[in-house]
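Subject: Structure for your files

Hello,

Here is the structure I said I would send. Please keep it open while you read the notes underneath.

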Amino acid sequence: HKSAAEAFASACKKRGLCLVESFDMHDSEELLASTIGQIFDRHGEKIDGISTTSGISAPLCEYLEKNGLSPFVVAFDTHSAIREYLKKGIVTATISQDVTGQMKNAFRALTLYIVKGETMPKIIFSDIRLVLQSNSYLFD
């Protein structure tokens with residue numbers, strides 16, 4: 001999550017976008033639920049968009065829906081809760097990971113290391129997709 005947050009902050013800076021806050025929820029639904037209101041209290045109308053690197057964003061979506069807020073939201077993963085918020089228009093887009101491809105890469109790396117003593121490169125790319133309302137049916 002740290003490298004994704006750093007890349008996002010760097011992209012915002014390059015494009016002249018104001019990043020008002022970066023928040024690490026440690027993949028804790030409870031921490032997100034208890035903190036999201038405080039973040040909106042601090043920044044209120046300044047929040048035009050939210051990007052999350054965790055698949056746990058239902059409390060955020062619930063808060064936005066309950067309070068009638070509509071910043072652009074880019075979520076992570078395509079589980080059923082996120083797909084529902086995407087269909088409702090609360091989530092603008094979500095990032096879908098190729099979990100099967102990631103597992104194959106991990107298995108391949110482990111096998112090559114055990115059998116041949118080969119190490120994998122530091123960076124391995126896996127397939128990700130941007131899911132919008134218009135193509136969300138492909139992920140049902």
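The notes below go from the whole chain to one helix pair, then the cysteines, then four single residues.

Please bear in mind that this is a predicted model.

Overall layout

The protein chain contains five helices and four strands. Their order along the sequence is α-α-β-α-β-α-β-α-β. Measured out along the principal axes, the C-alpha trace covers about 55 × 35 × 30 Å. The chain has 140 residues, and 31% of them count as buried. Taking the contacts with a separation of 6 or more, 47% are between residues 24 or more positions apart.

Helices α2 and α3

Helix α2 covers residues 29-43 and helix α3 covers residues 58-67; their axes come within 8 Å and cross at roughly 35°. This crossing of α2 and α3 is right-handed. On the α2 side the contact is made by E29, L32, A33, I36, G37 and F40, and on the α3 side by P59, L60, Y63 and L64. Sorted by type, the residues of this contact are eight nonpolar, one polar and one charged. The charged one is E29 and the polar one is G37, because Gly is counted among the polar residues here.

Cysteines

There are zero disulfides in the structure. C12 is buried, at a relative accessible area of 6%. C61 is in no disulfide, and the nearest cysteine sulfur, which belongs to C12, is 19 Å away. A disulfide needs the two sulfur atoms within 2.5 Å, so C61 and C12 do not form one in this model. C61 is also buried, with a relative accessible area of 1%.

R83

R83 sits in helix α4, which runs over residues 80-88. The R83 side chain reaches the backbone oxygen of F139 at 3.5 Å. Not counting residues up to four places away in sequence, R83 touches T78, F139 and D140.

S96

S96 is part of strand β3, residues 93-97. Its relative accessibility is 9%; the limit for buried is under 20%, so S96 counts as buried. With neighbours within four places in sequence left aside, S96 is in contact with T78, D127, I128, R129, V131 and F139. Two of these names, T78 and F139, also appear in the contacts of R83.

S126

S126 lies in the loop between α5 (99-116) and β4. At 29% relative accessibility, S126 is partly exposed. S126 and T100 are 26 residues apart along the chain, and their C-alpha atoms are separated by 9.7 Å. Once neighbours within four places in sequence are set aside, the contacts of S126 are with Q102 and N105.

L132

L132 belongs to the segment after β4, the strand at 128-131. Is L132 buried or partly exposed? Its relative accessible area is 32%, and L132 is therefore partly exposed, as buried would require a value under 20%. L132 is in contact with L86, T92 and A93, leaving aside neighbours within four places in sequence. From L132 to I56 the distance is 18 Å, C-alpha to C-alpha, with their positions 76 residues apart in sequence.

Regards

Definitions and conventions
Residues are numbered from 1 along each chain as its sequence is written. This is a predicted model: local features need pLDDT of at least 70, side-chain atom pairs count only at pLDDT 80 or more; totals for chains, interfaces and linings use all residues. Side-chain values use heavy atoms; hydrogens and water are left out. Helices (H or I, at least four residues) and strands (E, at least two) are DSSP runs, numbered from the N terminus. A polar contact is a pair of N or O atoms within 3.5 Å; within protein, one must be able to donate a hydrogen and the other to accept it, and residues adjacent in sequence count only if both atoms are side-chain atoms. Contact means heavy atoms within 4.5 Å. Axes are lines fitted to C-alpha atoms, for helices over the stretch in contact, and angles run from 0 to 180 degrees between N-to-C directions. A crossing is left-handed if the near helix is turned anticlockwise from the far one by less than a right angle, and right-handed if clockwise. Buried means under 20% relative accessible area, exposed over 50%, partly exposed in between (1.4 Å probe, protein chains only).
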